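Work through the exercises below with the sequence and the structure open. Try each task before reading its solution.

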Amino acid sequence: MEKRIVFSTSTEMVSVAADTVVYFTADGNYSAINMADRGRFVLTMQLGQVERRIAERATAGDNRFIRIGKSLIVNRDFITYINPQRQKLVLSDGRTFRHEVSASKEALKALKDLLEKEATL
């Protein structure tokens with residue numbers, strides 16, 4: 001059974017399969033869910049609230065979502081390319097979609113270092 005994440009406020013409810021979420025972005029008091037099918041949902045909640053909801057739904061060992069800086073949470077399963085100098089991150093499944101996002105050099109360098117460290121374990 002696929003794991004779903006439910007985001008609910010007084011005015012809306014969004015239920016998404018965790019493995020179809022590519023990344024979340026922040027814009028002030030709003031957050032956007034960017035999906036593999038190019039769908040997008042805007043939530044009336046801050047990214048910190050989204051991060052807490054993801055943590056509540058995660059099972060032990062499920063660390064697929066990584067917070068990058070102040071305004072981005074990405075699904076590690078889709079990370080394809082990281083270039084801190086150009087502040088560029090590509091998220092793709094290699095077949096049906098490709099999302100390019102930008103983040104600070106420091107945040108992308110930290111992400112690159114983390115993934116390289118995990119790859120050597």
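**Exercise 1: a salt bridge and its two residues**

At 19% relative accessibility, R76 counts as buried, because the cut-off for buried is under 20%. The model used here is a predicted one.

Task: Is E118 buried, partly exposed or exposed?

Solution. Step 1: take the relative accessible area of E118, which is 31%. Step 2: compare this value with the cut-offs, where buried is under 20% and exposed is over 50%. Step 3: the value lies in between, so E118 is partly exposed.

Task: How do the side chains of R76 and E118 meet, and which parts of the chain does the pair tie together?

Solution. Step 1: the two side chains meet in a salt bridge, with 2.5 Å from N to O. Step 2: R76 lies in the loop between β7 and β8, while E118 lies in helix α2 (residues 105-120). Step 3: these positions are 42 residues apart in sequence, so the pair ties together separate parts of the chain.

**Exercise 2: a salt-bridge network**

Task: Which residues does E100 join into one network?

Solution. Step 1: E100 forms a salt bridge with K88, and the closest N and O atoms are 3.7 Å apart. Step 2: this pair links strand β10, which holds E100, to strand β9, which holds K88, 12 residues apart. Step 3: E100 also forms a salt bridge with R98, with the closest N and O atoms 2.9 Å apart. Step 4: the shared partner joins K88, R98 and E100 into one network.

Task: Are E100 and R98 buried or partly exposed?

Solution. E100 has a relative accessible area of 47% and is partly exposed. R98, at 44%, counts as partly exposed.

**Exercise 3: aromatic pairs**

Task: How many aromatic pairs does a search of the whole structure find, and how are the rings of F7 and F24 arranged?

Solution. Step 1: the search finds 3 aromatic pairs. Step 2: the ring centres of F7 and F24 are 5.9 Å apart and the planes are at 70°, so the pair is edge-to-face. Step 3: F7 lies in strand β1 (residues 4-8) and F24 in strand β3 (residues 21-27), 17 residues apart in sequence. Step 4: both F7 and F24 are buried. Step 5: together with F65, they form one aromatic cluster.

Task: How are the rings of F78 and F97 arranged?

Solution. Step 1: their centres are 5.2 Å apart and their planes are at 75°. Step 2: planes over 60 degrees apart count as edge-to-face, so the F78 and F97 pair is edge-to-face. Step 3: F78 is buried at 10% relative accessibility, and F97 is buried at 5%.

Note on methods
Residues are numbered from 1 along each chain as its sequence is written. This is a predicted model: local features need pLDDT of at least 70, side-chain atom pairs count only at pLDDT 80 or more; totals for chains, interfaces and linings use all residues. Side-chain values use heavy atoms; hydrogens and water are left out. Rings of Phe, Tyr and Trp (its six-membered ring) pair if their centres lie within 6.5 Å; planes under 30 degrees apart count as stacked, over 60 as edge-to-face and the rest as tilted. Helices (H or I, at least four residues) and strands (E, at least two) are DSSP runs, numbered from the N terminus. Buried means under 20% relative accessible area, exposed over 50%, partly exposed in between (1.4 Å probe, protein chains only). A salt bridge is a side-chain nitrogen of Lys or Arg within 4 Å of a carboxyl oxygen of Asp or Glu.
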